[in-house]
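This briefing is meant to be read with the sequence and the coordinates side by side. Please keep both open while going through the points below.

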Amino acid sequence: ITAANEGGESFPSEVVGCRAPTYAASPRALFVNAFDRYDRTLNLKQDFVAQVYDPPGPTGGNERVLPRRINSFDYVVQHGKAISAYSFPFDTCQNEAVTGGQVALTNYHIVVWACGNESTADESFSAAEQTQVATFLAAGGRLFTSGAEIAWDLDRASGPTTADRNFFHNQLHATYSLDSSGVWSFTAAGGSIFAGDANGTFDDGTRGLYLVGFPDVITPTGSGTVAALSYTGGATAGIAYDGSAGGGRVVYWGFPFETITNEPTRTAYMADILGFFRETIPALPLKFDAITLPSSNQIKLTLSGEPGIYSLLTSTNLTSWTPLTNLTNTIGGFEFTDGLSLGQPSKFYRAKSSP
C-alpha cells in the first residue's frame, strides 16, 4: 500500500503474505517481520572495481544509496516460499502488531521472527517483545529467529541490561561470542537437525539482497542446546534447543535466513526447522467425512485431516482390529474404496497416524 498526493508517492508498506490451511484445525505458523532498520549506516560502500563492496562504516569506498539493498521490507517472500514448500500454513504481521496487542503469539504453534540487520538503535528484541516471546515459549511455543545483530544487541560486553542478557541466555539459549564471523558461508553441524544438508552462503553485499555486515558468532547455552550450524572455519552460527529443560523449542541463527543465496538451500533448512518443531505438535485425528456405497460390492470412505501417513484398520466386532492398508494424505482430504462381500458381518474402520 502506498499513499500519493501532489508531493509524490510514499514508500510502500511492508509486504505481507499467507498460506491458507487445507484443513481448518491444522497447526500454523506466524511470520513476524521485525526488521525495521533503514538508515545510512547500512549503505554499501563501493570501490572503483564494479560490484566490490565494503561493510558500512567510516572506511571504504564511495557510499551508494541503494534502497532495496538496505531493507526492501519484503523478506516474507523468502520465508513464505520455504514454509509453503513444507505445506505449512502461515500468517504474517509486523512486530508492532505483537507489542500493540493486535496479534497474539500464543494463537500459533510456531513463530518465525526475522530480525535482519536490526541492532541496538532499532532493537532486535525490545523489552515488550521479550515479554511476549518469553510468554509464548513458556506455553510450549516453538521459535525460529535469525538476525545478524541479535547477540551484539542483547549480550555484548557492555550496554545490554540484565533483562536483555537473561532473555538471550534463557530464551534464545545462546551467549554472545564475537561481533562478526568474518565469513559469509556456513555448514550444517554434524549430528544436528541440519545434518546432511548442503553447505550454503549468505549475502556479503554482492548477491543482490543486502549486506550482512556483522554476522554474530554465538555459543550454545544451557542443557538441551547444541550447535546446529557453523560458519566456515568452525565458529557457531546457529543453535537448536530441544525444550528438555523447560519451555518450547528454539532455533536461533546469527545471520538472517532470507539472505541465503540459494533457494533450494533455504527450503531444505526451513524444512528441517519445521520438522524439528512439528515433532512436538500432537497430530489431529482424521475425520471420516462421508461413507457411501458406489456399488453393491464397494464402500467408499472420504476422510480429511492433516497431511501425513495413516494406517487404516478394520474390525467386525470393534474389539479385534486388523491392518488393512496405509494411506498417504498430501492435501488434507482423500478417499479410499474397499471391497464388500454379500452376507459378510458388519465392518468397521479406524484410521490412526502411522509412525
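How much space lies in the largest pocket? In this predicted model, the largest pocket holds about 370 Å³ of space, and the points below begin with the chain as a whole before turning to the sheet, a helix packed on it, the pockets and a few individual residues.

**The chain as a whole**

- The chain contains six helices and 22 strands, and its C-alpha trace spans about 90 × 55 × 40 Å along the principal axes.
- Of the 355 residues in the chain, 46% are buried.
- Among contacts in the chain with a separation of 6 or more, 66% are between residues 24 or more positions apart.

**The nine-stranded sheet**

- Nine strands make up an open sheet with mixed pairing, in the order β7-β3-β8-β9-β16-β15-β14-β11-β12, and its edge strands are β7 and β12 (200–201), each of which pairs on one side only.
- Strands of a sheet pair through backbone hydrogen bonds, in either the parallel or the antiparallel sense.
- Strand β3 pairs with β7 in the parallel sense over five bridges, and in this pairing V32 stands opposite C93 of β7.
- Strand β3 is also joined to β8 by five bridges, again with the strands running parallel, and the bridge partner of A29 in β8 is I110.
- Towards the β12 edge, strand β11 (residues 185–188) and β12 pair in the antiparallel sense over two bridges, with S185 standing opposite T201.

**Strand β3 and its surroundings**

- Why is β3 described as largely enclosed by the rest of the structure? Five of its five residues are buried, and β3 is therefore largely enclosed.
- Both faces of β3 are covered, since A29, F31 and N33 on one side and L30 and V32 on the other are all buried.

**Helix α1 across the sheet**

- Helix α1 lies across β3, β7 and β8, and it runs at about 160° to β7.
- The buried residues of α1 (residues 76–85) are V76, Q78, H79, G80, A82 and I83.
- The cover over these buried residues includes β3 (29–33), β7 (90–94), β8 (110–116) and α6 (263–278).

**The two largest pockets**

- Rolling a probe the size of a water molecule over the atoms shows where empty space is left.
- The largest pocket is lined by 22 residues, and those nearest its centre are S87, R278, E306, P307 and G308.
- Strand β19 (residues 308–315) gives the most to this lining, with three residues.
- By type, the lining of the largest pocket divides into 12 nonpolar, seven polar and three charged residues.
- The second largest pocket has a volume of about 190 Å³, and its lining consists of F11, P12, S13, V15, Y38, P67, R68, N71, S72 and F73.
- The lining of the second largest pocket divides into six nonpolar residues, three polar and one charged.

**Residues with a positive phi**

- S87 has a positive phi of about 65° although it is not a glycine, and its place is in the loop between α1 and β7.
- Is S87 buried, partly exposed or exposed? With a relative accessibility of 37%, S87 counts as partly exposed, because this value falls between the 20% limit for buried residues and the 50% limit for exposed ones.
- S87 also belongs to the group of residues nearest the centre of the largest pocket.
- L318 likewise has a positive phi of about 65° without being a glycine, and it is found in the loop between β19 and β20 (322–329).
- L318 counts as exposed because its relative accessible area is 52%, and the cut-off for exposed residues is over 50%.

**S180 and its contacts**

- S180 is placed in the loop between β10 (174–178) and β11, and at 22% relative accessibility it counts as partly exposed.
- Leaving aside residues up to four places away in sequence, S180 touches G213, F214, P215 and V217.
- S180 and I218 are 38 residues apart in sequence, and their C-alpha atoms are 9.8 Å apart in space.

Conventions: Residues numbered from 1 in each chain as written. Predicted model: local features only at pLDDT ≥ 70, side-chain atom pairs only at ≥ 80, totals over all residues. Heavy atoms only, no water. Buried < 20%, exposed > 50% of the residue type's maximum accessible area, 1.4 Å probe, protein only. Helix = DSSP H or I, 4+ residues; strand = E, 2+ residues; numbered from the N terminus. Contact = heavy atoms within 4.5 Å. Pairing = 2+ DSSP bridges. 1 Å grid on protein atoms, 1.4 Å probe; cavity = no way out; pocket = protein on both sides within 12 Å on 5 of 7 lines; lining within 4 Å. Points joined across faces, edges and corners; volume = space filled by probe spheres on them. Nonpolar A, V, L, I, M, F, W, Y, C, P; charged D, E, K, R; others polar. Axes fitted to C-alpha atoms, helices over the stretch in contact; angles between N-to-C directions.
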